[in-house]
Each structure stands twice: as C-alpha cells, then as structure tokens.
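Here is a short briefing to read with the structure open beside you. It starts with the sheet and then moves on to the helices, the chain as a whole and the salt bridges.

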Amino acid sequence: IGGSALGGVDALYSFVQMPAGVPVATMAIGAAGFANAAIFCAQILSLQDAFGVRVQEAIYAVRPTVIVETGVAHGGSLVFYASLFRAMGTPGCVVGVDSEIRPHNRRAIEAHELAESIALVEGSSIDPETVARVRGLLRPDDRVLVLLDSNHTRAHVAAELEAYAPMVSVGSYLVATDGIMEDLADVPRG
C-alpha cells in the first residue's frame, strides 16, 4: 500500500490525535511498519478461537449488568470488561475479587478512566465474608455473569462454583477458566 507524500508521518499524526475511547496501533513508518502491521493483523485474525473473544461474545449475547471475576492479577481483564460495557452503551459494573490486590495494581485500576465501573473486593474468593461482600454489590434485577480465574485447584474451583453459581442470572454464564492448562505441553505452567 503506497503512502502519501509525507511518507507516513501524516498517518502517525492521525493516530496520536485520536480521542479517548478510539484505540489505535502504531507499528512504524516505512517497510518495518508494513511488516509489523501484517504480523499484527495475522495475530488478530488468529484470535477467532481465543478465550477473550469467546468471553466477549458471551458478554454481548447476555448483556449483563454485572460481571464478577475472581482473580484480579494486574486488572487488565477488569478494564477490558468495563470497556465492553462502554462500547455496548450499557451501564454496568465489573467486580474483581482477589485474595491480594497489590497496591500498585489497585492504584492503576482506581486511576483508570473506567474505574467508576470497577469494584474491587479483597479477600479469598471462597471465604464466606468475601462472597457476602460480593453478593452485597448485586441488586435483585442485575443480570450477572461470573468468571472464575483465581486459584485453579480442583477444591478451590469446586468451592467457587458452589459460592458463585447462585449469583448467576438465568440465561447467563458461569465460566471456570484455564481448566486444562496442566494437560497442555506448549503453554505456561503446562
């Protein structure tokens, strides 16, 4: 694809002037940019069976008002789910539950422009007090989708299923993630 007389700098200017909420990817100017863009596009196309895409489709189909996720880590998925609420034009809340929310991660989440759509609950996801705090954030008319992504041991996931299944709305989903990771040789922890 040919560039303009400005050699791609005009495209760079258009990227950096995008308003909030319009994500863009800048690869490079010139031949390196073309190669990087081609690799990036191939990676995006390869996501058709990726977990994130399947979850996004479920969220779009269910249109929950609350998404509960156990396992916060750095908070990226919480922000992703909050951005889906915004993209759908649906007010919603993402509840992140973790036994330890590191201070720097908490600060980053709370400073994010979507922070008003995110609630953090610190405590073991299977502790009755923590579960009660999560339940206290739900209203009777909420459509709730739950994602379990914390401690992936059999006993812990079983306890999470028992604790969070009653919160899931009729027609919604409870998704237990990473269930076969130890059976795969070519993945982290596999």
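Two strands count as paired if DSSP finds at least two bridges between them. On that basis, five strands of this predicted model form an open sheet with parallel pairing, in the order β3-β2-β1-β4-β5. The protein chain has seven helices and five strands in its secondary structure.

**The sheet**

- The edges of the sheet are held by β3 (118-122) and β5 (174-176). Each of these has a single partner strand, so one side of each is left without a neighbour in the sheet.
- On average, and with direction ignored, neighbouring strands of this sheet are turned by 15° against each other.
- Strands β1 (residues 66-70) and β2 (residues 93-98) run parallel and are joined by five bridges.
- If you would like a spot to look at in this pairing, find valine 68, which stands opposite valine 95 in β2.

**Helices on the sheet**

- Helix α6 (residues 128-136) packs on the sheet, where it touches β1, β2 and β3. The direction of α6 makes about 165° with that of β3.
- Helix α7 (residues 154-164) lies across β1, β2, β4 (144-148) and β5. Relative to β4, helix α7 runs at about 170°.

**The chain as a whole**

- Reading from the N terminus, you will meet the elements of the protein chain in the order α-α-α-β-α-β-α-β-α-β-α-β.
- The protein chain has 190 residues, and 32% of them count as buried.
- Among contacts in the protein chain with a separation of 6 or more, 65% are between residues 24 or more positions apart.
- About 11,600 Å² of the protein chain is exposed, and carbon and sulfur atoms supply 60% of that area.

**Salt bridges**

- How many salt bridges does the structure hold? There are five, and the ones below are worth finding on your screen.
- Glutamate 113 forms a salt bridge with arginine 86, and their closest N and O atoms are 3.0 Å apart. Because glutamate 113 lies in the loop between α5 (103-111) and β3, while arginine 86 sits in helix α4 (residues 76-88), the pair ties together parts that are 27 residues apart in sequence.
- Glutamate 113 is partly exposed, with a relative accessible area of 45%. Arginine 86 also counts as partly exposed, at 45% relative accessibility.
- Arginine 139 and aspartate 142 meet through their side chains in a salt bridge, at 3.0 Å from N to O.
- Is each partner of this pair buried or exposed? Arginine 139 is exposed, with a relative accessible area of 52%, whereas aspartate 142 counts as buried at 8%.
- Salt bridges that share partners also join Arg106, Glu110 and Glu122 into one network.
- Within that network, arginine 106 forms a salt bridge with glutamate 110, with the closest N and O atoms 3.3 Å apart. Both residues lie in helix α5, four residues apart, which is about one turn of the helix.
- Arginine 106 counts as partly exposed at 22% relative accessibility, a value to set beside the cut-off of under 20% for buried. Glutamate 110 counts as partly exposed at 48%, and exposed would need over 50%.

Methods: Residues are numbered from 1 along each chain as its sequence is written. This is a predicted model: local features need pLDDT of at least 70, side-chain atom pairs count only at pLDDT 80 or more; totals for chains, interfaces and linings use all residues. Side-chain values use heavy atoms; hydrogens and water are left out. Helices (H or I, at least four residues) and strands (E, at least two) are DSSP runs, numbered from the N terminus. Axes are lines fitted to C-alpha atoms, for helices over the stretch in contact, and angles run from 0 to 180 degrees between N-to-C directions. Contact means heavy atoms within 4.5 Å. Buried means under 20% relative accessible area, exposed over 50%, partly exposed in between (1.4 Å probe, protein chains only). Accessible areas come from the Shrake-Rupley method with a 1.4 Å probe; for residues, only the protein chains shown count as cover. A salt bridge is a side-chain nitrogen of Lys or Arg within 4 Å of a carboxyl oxygen of Asp or Glu.
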